[in-house]
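These are my notebook entries on a structure that was new to me. I set down what I looked up, topic by topic.

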Amino acid sequence: MNYYETIKWIFNRLPSYQNIGLKSYKPGLKRIKTFCSYLGNPQCYFKSIHIGGTNGKGSTVHMLSSILQEEKYNIGLFTSPHLIDFRERICYNGYLIEKDFIIDFIKENKKIIEKEQISFFEMNTALAFQYFKEKKVYIAIIEVGMGGRLDSTNIIDPEISVITNISEDHTESLGENRLKISLEKAGIIKKNKSVIIGNKISNDIRFIFLQESFKKNSPIYFSENIKDYSKYKNPFKAKYQNLNKIIVLKIIDILNKRKNIIISNKSIENGLKNIIKNTSFKGRWHILQYNPKIICDIAHNEGGFIMIKNQLKKELYKNLHLILGFVKEKKVEKLLKYFSNEAFYYFCQPNIERKYPIDDLKKLVKKNFKNYRKIYFFSSVKNAYLYAKLKAKKKDLILICGSTFIVSEALILNFSLNLQKVVY
């Protein structure tokens, strides 16, 4: 198979949670342990940092990767989902995994993948571990896929575990409230290894993490108790990224106290400043253009929408235009309440099986909005995006959010439109 055929096989043979949701979810570590054992346990050949949480994982891992790259360590980065290219999930020193490596990996391991019924995410995890082993990665920054305790990434023995925050998301898999979700996420805490808990949490959730860290004899740090006296600026426009920056600086502080890892102040400064250049990070308060200003953000749950709402208060604009779409599992009615009735709305649906159908959105919107004159519905992201651009004036703001898949399609479309301008 060539690369195109290989990727097609991966998505057809191993349907992803990204596309079909809960039907693809296979909790448990038995399959990934079997697969990695077959590969010679590649996860044992590099140091790692494990980062979980509901929101902020992606920002945290990219900030950290950029800083460590500036210090010239060989860095592996495993994240999910991808926005444009499947290879975004697995990077080495800021470069995407080579197409030939993916082709060869599938060719060599196709039989065991089929025999053991390895899931899409398990395959990605094993692929990343094997790649990092062969690239002789010094530190791999591993983002949890979902939850923590039963996530396939949880077979690593990291230097540090991080839980960025707790919010209600994936409740159909992780539990219907924050306490149950916290128990799942606490599952990444390892024996005798430091753990950092980000964002402010309630006392009952704090107790869960304290209890687990006590059982594991793991030093625990709560970022809400860490004052940000640092001279390092937030590398992003969005103020909410300060929370992730504090977590990253605490990781660096812990690493610097060890003899075998040293990160200079200069590397921290340059790493934060060069995050886009070093890691091609996108999709988080990502400004696509000005006049009108177009921003996309993959916020897709209540915690993310609260951050978005607070960030909008700091933006200057005349009219707000919202391009919104969702997936089936989300509590959409709850999310709709975070935005003003005065905004223009362009509701759409992503081009995936999990899409929240536009007809269902119409029913919800009629129930929740009074100013129906400013609301439009589209069967595609493309049509919503183009119409919003047509309606918006120079001093207006267009915000695209609600789903990773809405942002993904918008980014691809924006790239295509800009490419056409260059060509013509």
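I began with a term that the later entries need: a helix here is a DSSP run of H or I with at least four residues, numbered from the N terminus. By that rule I placed E134 in helix α6, which covers residues 120–134. I also noted that the model is predicted.

**Entry: the negative patch**

I looked for charge on the surface and found a negative patch made of D100, D104, E108 and E134. I then asked which helix gives the most to the negative patch. Helix α5, residues 99–115, does so with three residues. E134 belongs to helix α6.

**Entry: the sheet as a whole**

I traced the strand order next. An open sheet is formed by eight strands, in the order β4-β3-β2-β5-β1-β6-β7-β8, and its pairing is mixed. At the edges I found β4 (95–96) and β8 (220–222); each has a single partner strand, so one side of each lacks a neighbour in the sheet. I reminded myself that strands of a sheet pair through backbone hydrogen bonds, in either a parallel or an antiparallel sense.

**Entry: strand β5**

I asked whether the residues of strand β5 are buried or exposed. Five of the five residues of this strand (residues 139–143) are buried, so β5 is largely enclosed by the rest of the structure. For this step I took buried to mean under 20% relative accessible area. I checked each face of β5 in turn: I139, I141 and E143 lie on one side, A140 and I142 lie on the other, and all are buried.

**Entry: the neighbours of β5**

I then followed the pairing of β5. Strand β1 (residues 47–52) runs parallel to β5 and is joined to it by five bridges. Within this pairing, I49 has I141 as its bridge partner. Strand β2 (residues 75–78) also pairs with β5 in the parallel sense, over four bridges. Here I recorded I142 of β5 as the bridge partner of F78.

**Entry: outward from β2**

I examined the side chains of β2 and found that I75 and L77 point one way while G76 and F78 point the other way, all of them buried. β2 pairs with strand β3 (residues 90–92) in the antiparallel sense, over three bridges. In that pairing F78 stands opposite I90.

**Entry: outward from β1**

I closed with strand β6 (residues 160–163), which runs parallel to β1 and is joined to it by four bridges. Which residue of β6 does H50 stand opposite? I found S161 there.

Note on methods. Residues are numbered from 1 along each chain as its sequence is written. This is a predicted model: local features need pLDDT of at least 70, side-chain atom pairs count only at pLDDT 80 or more; totals for chains, interfaces and linings use all residues. Side-chain values use heavy atoms; hydrogens and water are left out. Buried means under 20% relative accessible area, exposed over 50%, partly exposed in between (1.4 Å probe, protein chains only). Helices (H or I, at least four residues) and strands (E, at least two) are DSSP runs, numbered from the N terminus. Two strands pair if DSSP finds at least two bridges between them. Patches are made of residues with over 30% relative accessible area and no salt bridge: like charges are joined within 9 Å, nonpolar side chains (Val, Leu, Ile, Met, Phe, Trp, Tyr) within 5 Å. Accessible areas come from the Shrake-Rupley method with a 1.4 Å probe; for residues, only the protein chains shown count as cover. A salt bridge is a side-chain nitrogen of Lys or Arg within 4 Å of a carboxyl oxygen of Asp or Glu. Lys and Arg count as positive and Asp and Glu as negative; His and the chain ends are not counted. The place of a charge is taken as NZ of Lys, CZ of Arg, CG of Asp or CD of Glu.
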